[in-house]
Amino acid sequence: MELTKLLGMPLLAAEHGKDMDGLIFYVHVLMALLFAGWMAYFIYVLFRFRKSRNPQADHAGVKSHASSYIEGAVVIFEAVLLLGFAVPLWAKVADKFPAEKDSTVIRVTAQQFAWNSRYPGKDGVFGKQNPKFVNASNAFGVDPNDPAAKDDVVPPLNEMAVPVNKPVIAHITSMDVIHSFKIYPLRVNQDATPGLRVPIHFTPTKEGKYQIVCAQLCGNSHYFMKGYFTVYGQKEYDEWLDKKSKSSSAGSLE
Ligand SMILES: [Cu+2]
């Protein structure tokens, strides 16, 4: 949190966000160290190989293999970092999903130039989907004959909400071209790719109304593609969902 303020980062409203802000901070520190190191080396080389000391260029060049060994060592070191630490850590952090029953599960479908969302309704089960049912009034291709689809909740375009302090699992996909689902305060960013449904998870920690932006140039109205993601207290969320389930367009697909 402190780090977020120190760096002048956007408001932070998700649990994992402090690790992301920390990562951005440490990457900057590493870059600063590399910059200082390379600058020092550059200045040393300017001085060491100055003209007065080296009037004639040495055409034979360096004969020792020290630099090859150093480069080999760097490759091994980086391979250990990547395979030994980065990949297992990513698997642990990003792939470890919370249980669906303890989470708010949403299906998000991007389209030019808006965000659709779908909630499973009281039965907790999403209606079956099939691309053959997709049309202008059925963005999700929901099977109109599936009973589980009847109570699904489809809020108006560009409107989503979740309760605070409860994990969210959002399945991100797209109807047409590649978009990208991004909410700065929640430190969430996932490409929405046609034909792929990619799940992400995060836990919002602060109530508020946050803007969903499209972070992938997706057409002439890309700039215009924004939605609102509201984090409510549990009670307000229940009221919101109840209201949306009454006005939901899911029923009209029958
Ligand atoms: Cu877009």
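1. Two strands count as a pair when DSSP finds at least two bridges between them. With that in mind, strand β8 and strand β9 (residues 226-232) run antiparallel and are joined by six bridges. Within this pairing, Lys-209 has Thr-230 of β9 as its bridge partner, and Ile-212 is matched with Gly-227 of β9. Please keep in mind throughout that this is a predicted model.

2. On its other pairing, β8 (residues 208-214) meets strand β5 (residues 179-183) in the antiparallel sense over two bridges. Here Phe-181 has Cys-214, in β8, for its bridge partner. The two bridges between β5 and β8 are just what the pairing rule asks for, because that rule requires at least two.

3. These strands belong to an open sheet of five, ordered β3-β9-β8-β5-β6, and its pairing is mixed. At the edges sit β3 and β6 (188-192), each of which pairs on one side only. Neighbouring strands of this sheet are turned against each other by 20° on average, with direction ignored.

4. Helix α4 (residues 234-247) lies across this sheet's strands β3 and β9. The helix runs at about 140° to β3. When you look at the model, β3 is a handy place to start, since β3 is an edge strand of the sheet.

5. Now to the other sheet. This one is open as well, has four strands in the order β2-β1-β4-β7, and shows mixed pairing. Its edge strands, each pairing on one side only, are β2 (114-118) and β7 (198-202). From one strand to the next, the twist averages 30°.

6. Inside the four-stranded sheet, strand β1 (residues 104-111) pairs with strand β4 (residues 168-174). The two are parallel, and seven bridges connect them. Across this pairing, Arg-107 has His-171, in β4, as its bridge partner.

7. Ser-174 deserves a careful look. This residue is in strand β4. Is Ser-174 buried or exposed? Its relative accessibility is 7%, so it counts as buried, the cut-off being under 20%. A polar atom of the Ser-174 side chain lies 3.2 Å from the backbone nitrogen of Asp-176, and the Ser-174 side chain also reaches the backbone oxygen of Val-177, at 2.5 Å.

8. What else does Ser-174 contact, once neighbours within four places in sequence are set aside? The contacts are with Thr-109, Ala-110, His-179, Ala-192, Thr-193, Pro-194 and Gly-195. Among those residues, Thr-109 and Ala-110 fall within the stretch of β1, residues 104-111, while His-179 falls within that of β5, residues 179-183, and Ala-192 within that of β6, 188-192.

9. On the edge strand β2 we find Asn-116. Asn-116 has a relative accessible area of 9%, and because this is under 20% the residue is classed as buried. The side chain of Asn-116 is joined to that of Gln-111 by a polar contact of 2.8 Å.

10. Lys-166 is placed in the loop between β3 (159-163) and β4. With 26% relative accessibility, Lys-166 counts as partly exposed. Leaving out residues up to four places away in sequence, Lys-166 touches Asp-102, Ser-103, Thr-104, Phe-202, Thr-203, Pro-204 and Gln-234. Pro-98 and Lys-166 are 68 residues apart in sequence, yet their C-alpha atoms are 9.8 Å apart in space.

11. Turning to the helices, α2 (residues 17-48) has 32 residues. From first C-alpha to last, α2 reaches 46 Å, close to the 46 Å expected at 1.5 Å a residue. Which residues of α2 are buried? They are Gly-17, Asp-21 and Gly-22. The buried residues of α2 pack against α1 (2-6).

12. Helix α3 (residues 66-94) has 29 residues. Its reach from first C-alpha to last is 40 Å, close to the 42 Å expected at 1.5 Å a residue. Where does α3 bend? There is a bend of about 30° at Leu-82, and I would be glad to hear how you read that part of the helix.

Note on methods
Residues numbered from 1 in each chain as written. Predicted model: local features only at pLDDT ≥ 70, side-chain atom pairs only at ≥ 80, totals over all residues. Heavy atoms only, no water. Axes fitted to C-alpha atoms, helices over the stretch in contact; angles between N-to-C directions. Buried < 20%, exposed > 50% of the residue type's maximum accessible area, 1.4 Å probe, protein only. Polar contact = N/O pair within 3.5 Å; in protein donor to acceptor, adjacent residues only side chain to side chain. Contact = heavy atoms within 4.5 Å. Expected span 1.5 Å × (residues − 1). Bend = angle between axes of the 7 residues up to and from the residue.
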